[in-house]
Every structure is written in structure tokens, then in C-alpha cells.
Amino acid sequence: MIKNLIAGEWVEGLRASRNINPSDTRDLIGEYAQADAAQARDAVAAARAAFPAWSQSTPQQRFDLLDAAGSEILARRAELGDLLAREEGKTLPEAIGEVARAGNIFKFFAGEALRVGGESIASVRPGIGVEVTREPLGVVGLITPWNFPIAIPAWKLAPALAFGNTVVMKPADLVPASAWALADILHRHGCPKGVFNLVMGRGSEVGTVLLEDRRVDAISFTGSVATGQKIAQACVARMAKFQLEMGGKNPMVVLDDADLDVAVAAAINSGWFSTGQRCTASSRLIVTRGIHDRFVAALTERLRTIKVDDARKAGTEIGPVVDASQLEQDLAYIAIGEAEGARRVFGGEALGRSSDGAPGHYLRPALFVDTTPDMRINREEIFGPVVSVIAARDYDEALALANDTPFGLAAGIATTSLKHATHFKRHAQAGMVMVNLPTAGVDYHVPFGGRKGSSHGPREQGRYAAEFYTTVKTAYTQA
């Protein structure tokens, strides 16, 4: 059994969870400890006990830990990328890229630990000085998803530690190996006892403790809308700070003047790479009528060449769906789309096996056309390689359709018009906007997050991470 990290010790769980390779379901990656509620409370107690010393640690001490962790992650990117691809199913190049991003995030926030500053401001009253400073929150609970098994834990964990908080992290049950690797790296580089605690386990047990225990000062969560709403209610009930990154139904607009090759490349990446399992994926392609037929034809032709296979096999462009449950959900939405009258022009079949005959959760990427905005496949997040095309008369209608969603994470546009690009950047109701680029794929040193039903609370990543992981103090001194 691969153990949890609680109060600086590796601790067995009362039971274990089997981590299975979705590219080859015969491959058992390992059996990972499942913490119960009592162990989760032990982790919270350890984090609370460690907070006074860690919150008063020097910026150099925090820099040294995060920088060392980032250096090791980058040095081991091929090894850790292979592990990530094996447990989550994204292609090996994507997985290695995600690991590199995690390493760079740790190094970025190592620098931020040295740059925590404040302000000295003149008072409106004579003889009085005003200082505005930032201080750590306390114990932070991190609940992370399965689709980015190392990058999302990194972009929550690194700033939490950099700003002097202590952490209890619950990774997704499906992908414990990458989170455990992070815990192992931090532990070996001297992370003080209780500063970081890894509690792999069920949300109904571990997650509930993090939500209800008043010793946990804040929760940062990435996952489903339904779970995010429950977290919000629980945190409000006890006045804990919370940050939510949830769903997306991201649009990508393709205008008549778009470069066809650029538009197709961006749509393929946005909609289907990473098996469509990204909150920033574009599952709605809104295409103006002048380019609609050419775009659909070129998109379909490109889909015919896409190689769906074992995530770690050279040449694979799309790996398997993460597990049987997610595959079942994807297939259910494909059936819903057809029942609603959408026309499936490509893909959507469960493949069952890799090119080598290994059993896995493979799905041919699906494309629907002749869809309407009110269809469920255009309203609800599918989180799989299923994309629909919505026809629009012109730019104005395309913009209105793009904004016709309860979500607001990312939006993209393919156009050669500076006028339309500029207008779209201002009027798209999304936290992130891409012009002639995939909606999926963002930098680690700038803010990440959305609006409407996609996100709640301060942005993640970059310098804006301080808004969540610190609290502001204003002090007055009379000379």
C-alpha cells in the first residue's frame, strides 16, 4: 500500500484504492492508501500545529523548499510524465508538458515567497503612519481533480506554501500517483512536519472533514459544479474562505475571414486533445455561414487522420477516456445529441482496445453539426471528446451565441479582423479569451479563472494567487 503523508510520517490507510491504467486496464499502477475521517482530522491537527512556525518562517526558507521541489520535478519530467500518462490517459507529450508546467509553477512561487511586500501610506491625519501588509490565512484544504493530476495540485499547493500557509490536500481518487509524487518530493526536500499533509481518500470522508472542521481556514477546489455548490454552502455556513474552479461550456467562434488552417488547428486542439477532458476545452464551435461548410469539411478530414491509441505510444494524438464511468457519460451524451436531432458526422464509437489489442477506455472523437443552442449537448458540460457546431449568421449572432451559457471560463475566436478580435476580447463573457489560438493552453505566470458559473473567488496562478492565499492587514502607528 502506497501511504498518506500525515504530520511528516507515511501512514497506512484502513483500505486501499487500485490505480488502473485507462490505456490498458490490465495494468495496475499501484494500491494507494485511503484515509478515513479520523486520519483526515489528524492531518488537520498536524497542519494547525505546524502553522505558527511556518507562518513565521523566512522567505528564504520557503523559497529554498519550493525551488528545490521545482528543480526535481523538472529534472524528472520524463519519468513523472510517463507516470501521469499511465494513470490519467493523456498523451505522453502532453503529460511531460504538464509536469514541466508543475515544475515551473513551483519555481515561480519560490520567487513570489521572496516578493511578498506591502505598502507604507501617509495617513490623512498628521503624525500617523499606515502600513498595509499581507499575512497567511492558516490551514488551507486543497481538493484537486483528476484531469490535471500534477499541474493543478502544483498551482494550488505552491502559492499556499509560498505565502506561509499549511496544507491538507485531497487529490482525486482516480489519479493518486502524481499527487503522491509531489508529496514525496516535498518530504525528501525537508518540508517541516505537518506543513504539507497528503490525505488520499473518498470525498464523502476526507472531503467532508475539510469542509466541516473549523480548524481549516480556507478551501480551494477544482471539480464539478454540483460539488462546488456544496463546498460553497458548507464554507459560508462556518464563514471559511473558499475558491472554486468548476465547469465550462466554452465557445470558439470561427468567422468568415478566418484563416481556415489556423481555425481547424485551434478547434482540433481545443475540442479533442487531452480527450476533451479539460475545463477550458471548446465543445461549442460557433461558425458563420460563409465559412461553415468549408470549415466542417476540413475539420472532418483532419479528424479522420487523428490517431486514438495508448497514451504512451509514439504518435498517439488522443489517449483513452479516464475511466469506464466517464466513457459511459460520453456515450450517453452522444446518444442524447442524436435523440435531440443533431447530426453526427464523425466518430462517437467506443473502440474498446488499443492498436496492440490492450483493453482500454477508447472513444473515437465525435463531431455533431446542425445543432441548436438549446440542445443539451450545447448547454451541459460533457467533459469528453464530443464537439458540436452551431451555425451563425454573422459576428453579432456568433457573439450572442458564445455568451449564451451559464458558464464563463474561456472563449476563443478565429479571425483576421482586428476589429472583430478587439471587440470579442472586450465583450466575450469569459475569464480568458484567445484569438487564433486554442482555448485550452494557458501560461503559468498569469491569472487563471472564469466568471458566471465557472468560478468563484479570486483568480488562481500568477501574482493574483496572493488574493486567495493571504489576508490583508492595515496597521496605524502614531509617531
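These exercises work through helices, sheets, cysteines and loop residues of one predicted model.

Residues are numbered from 1 along each chain as its sequence is written, and side-chain values use heavy atoms, with hydrogens and water left out. Since the model is predicted, local features need pLDDT of at least 70 and side-chain atom pairs count only at pLDDT 80 or more, while totals for chains, interfaces and linings use all residues.

**Exercise 1. Compare the span of helix H2 with its expected span, and find what its buried residues pack against.**

Step one is to fix the terms: helices (H or I, at least four residues) and strands (E, at least two) are DSSP runs, numbered from the N terminus, and the expected span of a helix is 1.5 Å times one less than its number of residues.

Step two applies this to H2, residues 59-75, whose 17 residues should span 24 Å at 1.5 Å a residue; the end C-alpha atoms of H2 are 24 Å apart, which agrees.

Step three turns to burial, where buried means under 20% relative accessible area, exposed over 50%, and partly exposed in between, with a 1.4 Å probe and protein chains only. The buried residues of H2 are Arg-62, Leu-65, Leu-66, Ala-69, Gly-70, Glu-72, Ile-73 and Leu-74.

Step four, with contact taken as heavy atoms within 4.5 Å, gives the partners of these buried residues: helix H1 (37-55), helix H3 (77-88), helix H4 (92-114), helix H5 (151-162) and helix H6 (176-188).

**Exercise 2. Describe helix H10 by its reach, its kink and the elements that cover its buried residues.**

First, H10 (residues 289-305) has 17 residues and reaches 25 Å from its first C-alpha to its last, close to the 24 Å expected at 1.5 Å a residue.

Next, the bend at a residue is the angle between axes fitted to the seven residues ending there and the seven starting there, and H10 has a kink of about 25 degrees centred on Phe-295.

Then, Phe-295 belongs to the buried residues of H10, together with Ile-291, His-292, Val-296, Leu-299, Thr-300 and Leu-303. Their cover includes helix H9 (260-272) and the strands E12 (250-254), E13 (282-288), E14 (343-346), E15 (366-369) and E16 (386-392).

**Exercise 3. Lay out the open sheet of seven strands and place the helices H11 and H13 on it.**

Begin with the pairing rule, by which two strands pair if DSSP finds at least two bridges between them. The strand order is E14-E15-E16-E13-E12-E18-E19, and the pairing is mixed. At the edges stand E14 and strand E19 (432-435), each with a single partner strand, so one side of each is left without a neighbour in the sheet.

For the angles, axes are lines fitted to C-alpha atoms, for helices over the stretch in contact, and angles run from 0 to 180 degrees between N-to-C directions. From one strand to the next, the twist of this sheet averages 25 degrees.

At the E14 edge, E14 and E15 pair in the antiparallel sense over three bridges, and Phe-346 stands opposite Leu-367 in E15.

Finally, helix H11 (residues 324-339) lies across E14, E15 and E16 and runs at about 20 degrees to E15, whereas helix H13 (residues 395-403) lies across E12, E13, E16 and strand E18 (410-414), running at about 165 degrees to E13.

**Exercise 4. Explain why Cys-235 is too far from Cys-279 for a bond, and give the burial of Cys-235.**

A disulfide is counted here as a pair of cysteine sulfur atoms within 2.5 Å, and by this rule the count comes to zero disulfides. The sulfur of Cys-235 has its closest cysteine sulfur in Cys-279, and because that atom is 20 Å away, it is too far for a bond. Cys-235 counts as buried at 0% relative accessibility, and Cys-279 is likewise buried, with a relative accessible area of 12%.

**Exercise 5. Locate Ser-274 and Gln-461, and state their phi values.**

Ser-274 lies in the loop between H9 and E13; its phi is near 60 degrees, a positive value in a residue other than glycine, and Ser-274 is buried, with a relative accessible area of 7%.

Gln-461 lies in the loop between strand E21 (455-456) and helix H15 (466-469); although not a glycine, Gln-461 has a positive phi of about 70 degrees, and at 1% relative accessibility Gln-461 counts as buried.
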